[in-house]
Amino acid sequence: MNILELKYTIPGDDFTRAGEASSAIKRKLKQMGFPPDLIRNVSIATYEGEINSVIHANGGSVSVSIDDEAVTIVIEDTGKGIPDIEKAMQEGFSTAPDSVRSLGFGAGMGLPNMKKYTDEIHVESQVGKGTKVTMKCRMT
Amino acid sequence: MTIRDISKLLNCKVLGGDDNLEHTVHTACGSDLMSDVLAFVKDQAVLLTGLLNPQVVRTAEMMDIVCIVFVRGKTPSDEVVKLANERNIATLSTTCSMFEACGRLYADGLRGGVLV
Ligand SMILES: Nc1ncnc2c1ncn2[C@@H]1O[C@H](COP(=O)(O)OP(=O)(O)OP(=O)(O)O)[C@@H](O)[C@H]1O
Ligand SMILES: [Mg+2]
């Protein structure tokens with residue numbers, strides 16, 4: 001049974017707004033009194049995914065659903081897709097242009113961080129169609 | 001070390017969060033790459049950075065970072081300071097370089113975060 005479901009659109013045309021959805025999700029989880037470690041893990045994973053969908057895919061959507069066992073995060077976009085997912089998951093791999101790097105992103109650490117802070121991560125992507133990242137943080 | 005101590009050690013101008021100056025800081029992190037910041041779990045940390053965009057505040061928010069120090073005399077826009085105020089994150093500006101600022105804090109006993 002779901003305790004809560006949240007869904008936000010991630011606008012792709014305004015980088016200054018990137019992170020707003022993750023911020024809203026974090027505040028909601030805090031209000032609901034979840035453990036700080038769980039909140040931090042969910043926040044970081046969501047934030048990295050949100051930033052990716054802005055810088056690599058012109059925005060998308062994020063949904064968070066919570067049940068007794070886990071917090072499940074789904075971040076989806078209809079952007080350019082990832083040709084080699086295994087490579088994209090490696091620390092340091094990035095195709096971000098210098099313009100993105102000068103904003104503080106493009107270290108190739110986002111997907112590895114998402115993996116590190118969650119219990120499960122599943123990346124599906126089709127070139128030219130889009131990307132869907134599903135992550136789970138278990139309650140204990 | 002408190003945020004006030006940091007402010008003194010680095011001759012900072014306090015941009016926002018005057019009420020939080022007595023908060024204790026346990027760890028520090030100096031970086032211009034936000035994903036690097038996100039790779040380390042820190043407890044009551046201060047972030048030193050040369051970047052000025054809102055994502056610096058967002059990144060700090062996600063990590064529960066309590067204070068941001070903008071190095072090399074840079075000052076962010078009022079909106080960025082306001083965003084930090086709303087999230088209860090103190091903002092300071094120092095004329096020190098990143099190297100100098102980190103060195104002074106390290107010499108005074110502040111240490112880095114823990115790799116997950
Ligand atoms: N939603 C996406 N759509 C298209 N490509 C993506 C998407 N997410 C990631 N990628 C690809 O995978 C690479 C690695 O992503 P990752 O988040 O690990 O690093 P980054 O975003 O380049 O840098 P960082 O996250 O450190 O700021 C990206 O450079 C990009 O090529
Ligand atoms: Mg990324």
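This tour moves through chain B of a predicted model, from the whole chain to one helix and then to one residue.

**Chain B as a whole**

Select chain B and display it as a cartoon. Its secondary structure comprises 5 helices and 7 strands, arranged along the sequence as α-β-β-α-β-β-α-β-α-β-α-β. The radius of gyration is 12 Å, close to the 13 Å given by the globule rule for 116 residues, so chain B is as compact as a globular protein of that length. The C-alpha trace spans about 30 × 30 × 25 Å along its principal axes.

Colouring by burial is a useful next view. Of the 116 residues in chain B, 55% are buried. When contacts between residues at least 6 apart in sequence are considered, 51% of them join residues at least 24 apart.

Now show the surface of chain B. The accessible area is about 4900 Å², and carbon and sulfur atoms account for 51% of it. Colouring by charge brings out 11 positive and 14 negative side chains, the centres of the two sets lying 4 Å apart.

**The contact with chain A**

Add chain A to the view. The contact involves 23 residues of chain B and 27 residues of chain A. Together the two chains bury about 2100 Å², with 55% of that area on carbon and sulfur atoms. Select Ser35(B), Gln55(B) and Met62(B): these supply 30% of the area that chain B buries against chain A, more than any other three residues.

**Helix α3 of chain B**

Next, select residues 54-62 of chain B, which form helix α3. Is this helix enclosed or open to its surroundings? Because 9 of its 9 residues are buried, α3(B) is largely enclosed by the rest of the structure. Charged residues are included in the buried set, among them Arg58(B) and Glu61(B).

To see what covers the helix, display its partners from both chains. In chain A, the buried residues of α3(B) pack against α1 (20-31) and α2 (36-57). Within chain B, they pack against α2 (34-38), β4 (45-49), β5 (67-70) and α4 (78-86). Just after the helix, Asp64(B) has a positive phi of about 60 degrees.

**Val56(B)**

Finally, centre the view on Val56(B), a residue of α3. Val56(B) counts as buried because its relative accessibility is 0%. Which residues does Val56(B) contact, leaving aside its neighbours within four places in sequence? They are Met34(B), Leu47(B), Thr49(B), Leu51(B), Ile68(B) and Phe70(B). For a distance check, draw a line from Val56(B) to Asp78(B): their C-alpha atoms are 14 Å apart, with 22 residues of separation in sequence.

Conventions: Residues are numbered from 1 along each chain as its sequence is written. Chains are lettered from A and ligands numbered from 1 in the order in which they are written. This is a predicted model: local features need pLDDT of at least 70, side-chain atom pairs count only at pLDDT 80 or more; totals for chains, interfaces and linings use all residues. Side-chain values use heavy atoms; hydrogens and water are left out. Helices (H or I, at least four residues) and strands (E, at least two) are DSSP runs, numbered from the N terminus. The radius of gyration is taken over C-alpha atoms; the globule rule is 2.2 Å times the number of residues to the power 0.38. Buried means under 20% relative accessible area, exposed over 50%, partly exposed in between (1.4 Å probe, protein chains only). Contact means heavy atoms within 4.5 Å. Accessible areas come from the Shrake-Rupley method with a 1.4 Å probe; for residues, only the protein chains shown count as cover. Lys and Arg count as positive and Asp and Glu as negative; His and the chain ends are not counted. The place of a charge is taken as NZ of Lys, CZ of Arg, CG of Asp or CD of Glu. Buried area is the accessible area (1.4 Å probe) that two parts lose on being put together, summed over both.
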